[in-house]
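Here is a short tour of the open and enclosed spaces in a protein model, with a look at some of its aromatic side chains along the way. Keep the 3D view at hand and follow the residue numbers as you read.

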Amino acid sequence: MPHVHSADGTSIGYDRLSDEGPALVLVGGGLDDSSENQPLGEHLADSFAVVNYRRRGRGDSDDRRPYALEREIDDLAAVIDATGGRAHLFGASSGGALALEAAAAGLPVERIAVHDVPYQVDEAMVSAWQAYRLDLDAALEAGDLDQALRLFMRLAGSSEQDIAGAQAAPVWAALRALAPTLRHDAACLGDGRPPAKRLALVRQPVLLTTGVTVDPQMAGLPVDFFGAAADAAAGALPDARRLALPVEGHVADPGVLGPVLRTFFTN
């Protein structure tokens with residue numbers, strides 16, 4: 001698998017799914033080692049030179065410390081440079097927040113699409129987010145990866161029954177390996193609220209998509225949590241488009257989202 005080196009020397013692994021067409025870089029979200037975006041990338045590979053990379057600390061990508069959001073932006077800059085110097089971006093969940101932060105920082109980005117960016121707009125959720133960040137730091141400092149995962153799942157609206165089921169499942173071991181990167185995703189979202197001043201710096205066209213049905217694993221979230229977040233972010237962006245998709249689940253069906261992205265990135 002090819003790698004690029006970020007400004008601080010961190011080695012970042014990626015997959016190049018195709019070579020023809022405009023460059024498109026996929027940015028994964030929380031507890032994702034790039035596998036969640038892979039089906040979407042394969043769906044779009046006939047139209048774009050798709051690169052699906054693994055954010056630092058995930059899979060074969062290193063994790064130099066101390067962590068800072070600026071280092072993740074440097075990582076993305078190195079990946080974009082490897083595609084030819086400019087690229088469209090698609091970011092899922094907290095990866096969407098990272099994509100927007102990268103554009104605000106001035107990276108050579110064309111159009112940006114984000115799905116289900118989990119900004120907090122309800123004051124109760126803002127308070128819950130800030131408590132989560134403190135508790136997450138404490139759990140990770142203590143080396144308690146199981147507790148870090150439980151904290152994240154509770155914040156994301158999972159029931160205690162769902163959390164217990166996940167902890168008993170074979171996938172839990174893989175999630176434990178990714179648990180330290182939850183700090184990275186938290187940094188991408190800052191204090192939880194949409195960062196209006198930085199979003200105002202994003203001059204590229206931005207598409208914000210959400211699903212119209214609730215992910216059963218996130219049933220504890222406020223009604224229309226992702227829709228409200230996308231609406232608030234769209235209000236701060238100079239050139240935003242909003243679209244609700246007929247999909248269920250936090251990871252959108254490539255057959256539904258793919259054609260929407262193809263149209264947005266080519267028009």
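The report below begins with pockets, moves to a cavity, and ends with aromatic rings and one leucine. Please keep in mind that this is a predicted model.

**The largest pocket**

Let's start with the largest pocket, which holds about 940 Å³ of space. Its lining is made of 44 residues, and those nearest the centre are Gly 30, Glu 36, Phe 152, Met 218 and His 250. If you colour the lining by residue class, you will find 27 nonpolar, 11 polar and 6 charged residues.

Many parts of the chain meet here. At least two lining residues come from each of helix H1 (38-44), strand S5 (87-92), helix H4 (123-141), helix H5 (145-155), helix H8 (182-189), helix H10 (225-236) and helix H11 (254-266). Helix H8 gives the largest share, with 4 residues.

**The second largest pocket and the cavity**

The second largest pocket has a volume of about 290 Å³. It is lined by 18 residues, with Thr 213, Val 214, Asp 224, Phe 225 and Phe 226 closest to the centre. Strand S7 (206-211) and helix H10 each bring at least two residues to this lining, and the largest share, 3 residues, is that of H10.

There is also 1 cavity of 30 Å³ or more in the structure. Around the largest cavity you will find Val 114, His 115, Asp 116, Val 117, Leu 208, Thr 209, Phe 226 and Ala 230. Strand S6 (109-115), S7 and H10 each supply at least two of these lining residues. Phe 226 is worth clicking on: this residue is one of those closest to the centre of the second largest pocket, and it also lines the largest cavity.

The table sets the three linings side by side.

| Space | Volume | Nonpolar residues | Polar residues | Charged residues |
|---|---|---|---|---|
| Largest pocket | about 940 Å³ | 27 | 11 | 6 |
| Second largest pocket | about 290 Å³ | 9 | 6 | 3 |
| Largest cavity | about 30 Å³ | 5 | 2 | 1 |

**Aromatic rings**

Now for the side chains. The model has 4 aromatic pairs. In one of them, Trp 129 and Tyr 132 have ring centres 5.5 Å apart and planes at 40°, so the pair is tilted. These two residues are 3 places apart in helix H4, which separates them by about one helical turn. Trp 129 counts as buried, with 4% relative accessibility, and Tyr 132 is buried too, at 5%.

Another tilted pair is formed by Phe 264 and Phe 265, whose ring centres are 5.3 Å apart and whose planes meet at 55°. Both of these phenylalanines are buried. Ring pairs join them with Phe 48 in a cluster. Look also for Arg 111, which lies over the face of Phe 264 at 5.1 Å from the ring centre.

**Leu 40 and its contacts**

Which residues does Leu 40 touch, leaving aside its neighbours within four places in sequence? The contacts are Phe 90, Pro 254, Leu 257, Gly 258 and Leu 261. Leu 40 itself lies in helix H1. With a relative accessible area of 4%, below the 20% cut-off, this leucine is buried. Leu 40 and Leu 257 are 217 residues apart along the chain, while their C-alpha atoms are separated by 8.0 Å.

Definitions and conventions
Residues are numbered from 1 along each chain as its sequence is written. This is a predicted model: local features need pLDDT of at least 70, side-chain atom pairs count only at pLDDT 80 or more; totals for chains, interfaces and linings use all residues. Side-chain values use heavy atoms; hydrogens and water are left out. On a 1 Å grid over the protein atoms alone, a cavity is a set of points where a 1.4 Å probe fits but cannot get out, and a pocket is an open set with protein on both sides within 12 Å along at least five of seven lines; lining residues have an atom within 4 Å of a point. Grid points are joined across faces, edges and corners, and a volume is the space filled by probe spheres set on the points. Ala, Val, Leu, Ile, Met, Phe, Trp, Tyr, Cys and Pro count as nonpolar, Asp, Glu, Lys and Arg as charged, and the others, Gly among them, as polar. Rings of Phe, Tyr and Trp (its six-membered ring) pair if their centres lie within 6.5 Å; planes under 30 degrees apart count as stacked, over 60 as edge-to-face and the rest as tilted. Buried means under 20% relative accessible area, exposed over 50%, partly exposed in between (1.4 Å probe, protein chains only). A charge sits over a ring if NZ of Lys or CZ of Arg is within 6 Å of the ring centre and within 35 degrees of the ring normal. Contact means heavy atoms within 4.5 Å.
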